[in-house]
Amino acid sequence: MISESYQPMICPVCGDFYFSELQEDDDITCIQCSRCGWQYDIKQACDPDLKDGRNAQSVNEYKKWFQSMIEANPDYDFSDEHYPPEEPHPCPVCGRHTFRTRDSFDICPVCGWTDDGLMEDEPQRWAGTSNDMCLDDYRRRYQKSENS
Ligand SMILES: [Zn+2]
Ligand SMILES: [Zn+2]
């Protein structure tokens with residue numbers, strides 16, 4: 001049974017997710033924004049200060065929370081938090097190899113760089129840890145060897 005209180009709309013919290021037309025077998029009590037995790041509640045959507053619907057927080061409170069998450073991490077995605085994806089990560093030195101994920105500590109077969117997220121964040125430091133040179137020096141050496 002499709003509830004009459006459902007209507008397609010943009011997620012009122014993140015504005016990024018579209019609650020589309022319900023399918024026959026959709027259960028309205030399970031519908032949730034995959035970007036911010038807001039649970040579909042038409043009453044709360046209509047009254048952004050209404051608390052204790054399917055979401056304990058009102059839409060306005062939820063928005064504030066979501067904003068703070070976005071500020072801390074612009075790519076914040078509710079479903080990612082629950083299913084951390086393995087994002088392919090191109091080698092920061094040669095760009096010709098792709099590690100299966102950032103900070104994998106795998107070794108690039110092209111240039112020999114060990115994939116270390118910390119060294120990548122601070123390219124002038126950490127020589128002698130995962131790699132014998134810092135990222136900047138490593139890049140310079142790689143570029144020289146490319147040009148020779
Ligand atoms: Zn949302
Ligand atoms: Zn490489």
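**Helix α2, outer side**

I started on the side of α2 away from its buried residues, where Gln67, Ser68, Glu71 and Ala72 are exposed. For exposure I count other C-beta atoms, placed from the backbone, within 10 Å of a residue's own: 20 or more is buried, 12 or fewer exposed, and in between partly exposed. Helices (H or I, at least four residues) and strands (E, at least two) are DSSP runs, numbered from the N terminus.

I am working on a predicted model, in which local features need pLDDT of at least 70 and side-chain atom pairs count only at pLDDT 80 or more, while totals for chains, interfaces and linings use all residues. Residues are numbered from 1 along each chain as its sequence is written, and chains are lettered from A and ligands numbered from 1 in the order in which they are written.

**Helix α2, buried side**

Which residues of α2 are buried? I found Val59, Tyr62 and Phe66. They sit on the same side of α2, because they cover an arc of only 60° around the axis; the arc is that of the directions from the helix axis to the C-beta atoms. The textbook reason fits here: an α-helix has 3.6 residues a turn, so residues three or four places apart point the same way.

I then looked for what covers these buried residues, and α1 is included. Contact here means C-beta atoms, placed from the backbone, within 7 Å. As for length, α2 has 14 residues and reaches 20 Å from first C-alpha to last, close to the expected 20 Å. The expected span is 1.5 Å times one less than the number of residues.

**Helix α5**

I ran the same checks on α5 (residues 135-147), which has 13 residues and reaches 18 Å from its first C-alpha to its last, close to the 18 Å expected. Its buried residues are Leu135, Tyr138 and Tyr142. Seen down the axis of α5, they fall within an arc of 60°, so they line one face of the helix. The face turned away from that buried side carries exposed Gln143, Lys144 and Asn147. The cover over the buried residues of α5 includes α4.

**Two odd phi values**

Asp52 caught my eye: its phi is near 55°, positive in a residue other than glycine. Most residues other than glycine have a negative phi, and most peptide bonds are trans. Asp52 lies in the loop between α1 (42-46) and α2 (59-72). I get 9 other C-beta atoms within 10 Å, so Asp52 is exposed.

Asp103 also has a positive phi, about 65°, and is not a glycine either. I place Asp103 in the loop between β4 (98-99) and α4 (117-121). Is Asp103 exposed or partly exposed? Asp103 counts as partly exposed because it has 14 C-beta neighbours inside 10 Å.

**Glu86 and Arg100**

Next I went to Glu86, in the loop between α3 (78-82) and β3 (89-90). With 10 C-beta neighbours inside 10 Å, Glu86 is exposed. Leaving out residues up to four places away in sequence, Glu86 touches Arg100 and Thr101. I also noted its C-alpha distance to Ser104, 18 residues along the chain: 10.0 Å.

Arg100 is in the loop between β4 and α4. It has 11 C-beta neighbours inside 10 Å, so Arg100 is exposed too. Which residues does Arg100 contact, neighbours within four places in sequence aside? I got Glu86 and Pro88. Arg100 and Pro88 are 12 residues apart in sequence and 4.6 Å apart, C-alpha to C-alpha.

**Whole protein**

Zooming out, I count 5 helices and 4 strands, in the order β-β-α-α-α-β-β-α-α. The protein splits into domain 1 (9-82) and domain 2 (89-147), with bounds from an automatic or database domain assignment. The C-alpha centres of the two domains lie 39 Å apart.

The C-alpha trace spans about 70 × 30 × 20 Å along its principal axes. The radius of gyration is 23 Å, against near 15 Å for a compact globule of 148 residues; it is taken over C-alpha atoms, and the globule rule is 2.2 Å times the number of residues to the power 0.38. Buried residues make up 16% of the 148. Of the contacts with a separation of 6 or more, 23% join residues 24 or more positions apart.

**Confidence**

Last, pLDDT, the predictor's confidence in each residue from 0 to 100. The mean is 90, and 94% of residues reach 70 or more. Among the elements, α3 has the lowest mean (73) and β1 (residues 9-10) the highest (96). Where pLDDT is low, the predicted coordinates should not be read in detail.

Notes: Two residues are in contact if their C-beta atoms, placed from the backbone, lie within 7 Å.
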